[in-house]
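Biologist: Could you take a close look at the empty spaces in this model for me, and at the helices around them? I would love one connected account that I can follow with the structure open.

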Amino acid sequence: MRISEGSSQSKNVLAKLAPLQAVLFDVDGTLCDSDPLHWFAFREMLQEIGYNGGVPIDEAFFVKNIAGKHNDDIASFLFPEDHERGTKFLEDKEAMFCKLAADQVTAIDGLYKLKKWIEDHGLKRAAVTNAPRPNAELMISLLGLTEFFDAVIIGDECEHAKPHPDPYLKALEVLNVSKDHTFIFEDSVSGITAGVAAGMPVVGLSTRNPATLLMEAKPSLLIQSYADPKLWEALEEVDRVSGGASTHTA
């Protein structure tokens with residue numbers, strides 16, 4: 001079901017999942033506003049090697065061709081004639097990102113309020129990301145969420161990464177939960193596409209990507225942050241339908 005931003009039906013989007021069992025999160029741009037750091041790393045390193053005639057890539061280029069995509073796909077796009085060079089470039093870029101992230105990663109507004117709600121309701125949770133495991137675990141650690149997640153699912157460790165549904169299907173398997181009682185938070189077209197293909201409602205965050213672009217991937221609900229009233233209206237409806245609390249089942 002597609003619900004446009006600001007729809008009066010938005011509070012009912014998640015209620016059909018009651019009783020909730022689990023919540024799945026992307027990492028970059030979903031737990032933290034890390035895309036500016038990724039863009040900076042790509043921009044600086046690509047300019048250094050003379051990519052695009054030495055003209056720095058702009059944010060529109062980053063959003064369209066890089067954000068949310070798997071590193072193998074990015075390498076193939078940036079270096080179509082030399083995938084080995086592209087792979088090495090992405091490894092170096094990830095190292096640069098880690099250095100930048102160490103003191104610049106901040107949580108999306110309202111994340112810790114949502115964290116408490118999820119914990120209070122006894123829901124299972126997993127991070128599902130196309131980021132390399134070291135980077136994903138670094139960001140999760142910097143946000144103080146290492147103990148919060150029951151599992152961290154990496155695109156590289158699945159048969160196919162996002163935008164394929166495999167990582168989200170693996171998360172369901174690892175957590176031993178049903179797609180009929182689970183929903184997803186995502187901030188990119190690639191991620192939303194993966195979640196929808198896995199058969200779950202996706203709450204899209206317009207952290208950096210334009211709302212009009214995200215809606216093309218058919219999220220069930222679109223919010224600006226975890227402090228968005230639309231999200232809390234939907235969660236309150238979940239509580240109402242569930243009789244006050246949602247608890248997971250094995």
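Modeller: Happy to! Let's begin with helix α4, which gives the most to the lining of the largest pocket, with four residues. Please keep in mind that this is a predicted model. The pocket itself has a volume of about 170 Å³. Along its wall you will find H70, N71, D72, A75, T87, L90, E91, E94, N130, P132 and D156. Two elements, α3 and α4, give two or more residues each to that lining. In chemical terms, the pocket is lined by three nonpolar, four polar and four charged residues.

Now for the enclosed space. The count comes to one cavity of 30 Å³ or more, and about 280 Å³ of space lies in the largest cavity. Its lining is made of 23 residues, and those nearest the centre are D28, H38, A67, G68 and K69. Helices α1, α3 (71-78) and α4 each supply at least two residues of this lining. Helix α1 has the largest share, with three residues. Sorted by class, the cavity lining holds seven nonpolar, seven polar and nine charged residues.

Since α1 and α4 both help to line the cavity, their packing deserves a look too. Helix α1 covers residues 35-48 and helix α4 residues 83-101; they pack at an angle of about 130°, with their axes 9 Å apart. An angle of about 130° therefore makes α1 oblique to α4. The crossing of the two is right-handed. On the α1 side, the contact is made by L37, H38, F40, A41, F42, E44, M45 and L46, while α4 brings F89, L90, D92, K93, E94, M96, F97, L100 and A101. By class, that contact has 12 nonpolar, one polar and four charged residues.

A few of these residues turn up twice as you go around. H38 of α1 takes part in the contact with α4 and is also among the residues nearest the centre of the largest cavity. On α4, L90 and E94 belong to the contact with α1 and also line the largest pocket.

For another helix pair to set beside this one, try α5 (residues 111-120) and α10 (residues 229-242), which pack at an angle of about 10° with their axes 13 Å apart. That angle makes α5 roughly parallel to α10. Here K113, L114 and W117 in α5 meet W232, L235, V238 and D239 in α10. The residues of this contact divide into five nonpolar, no polar and two charged.

Note on methods:
Residues numbered from 1 in each chain as written. Predicted model: local features only at pLDDT ≥ 70, side-chain atom pairs only at ≥ 80, totals over all residues. Heavy atoms only, no water. Axes fitted to C-alpha atoms, helices over the stretch in contact; angles between N-to-C directions. Parallel < 35°, antiparallel > 145°, perpendicular 65-115°, else oblique. Contact = heavy atoms within 4.5 Å. Nonpolar A, V, L, I, M, F, W, Y, C, P; charged D, E, K, R; others polar. Left-handed = near helix turned anticlockwise from the far one by under 90°. 1 Å grid on protein atoms, 1.4 Å probe; cavity = no way out; pocket = protein on both sides within 12 Å on 5 of 7 lines; lining within 4 Å. Points joined across faces, edges and corners; volume = space filled by probe spheres on them.
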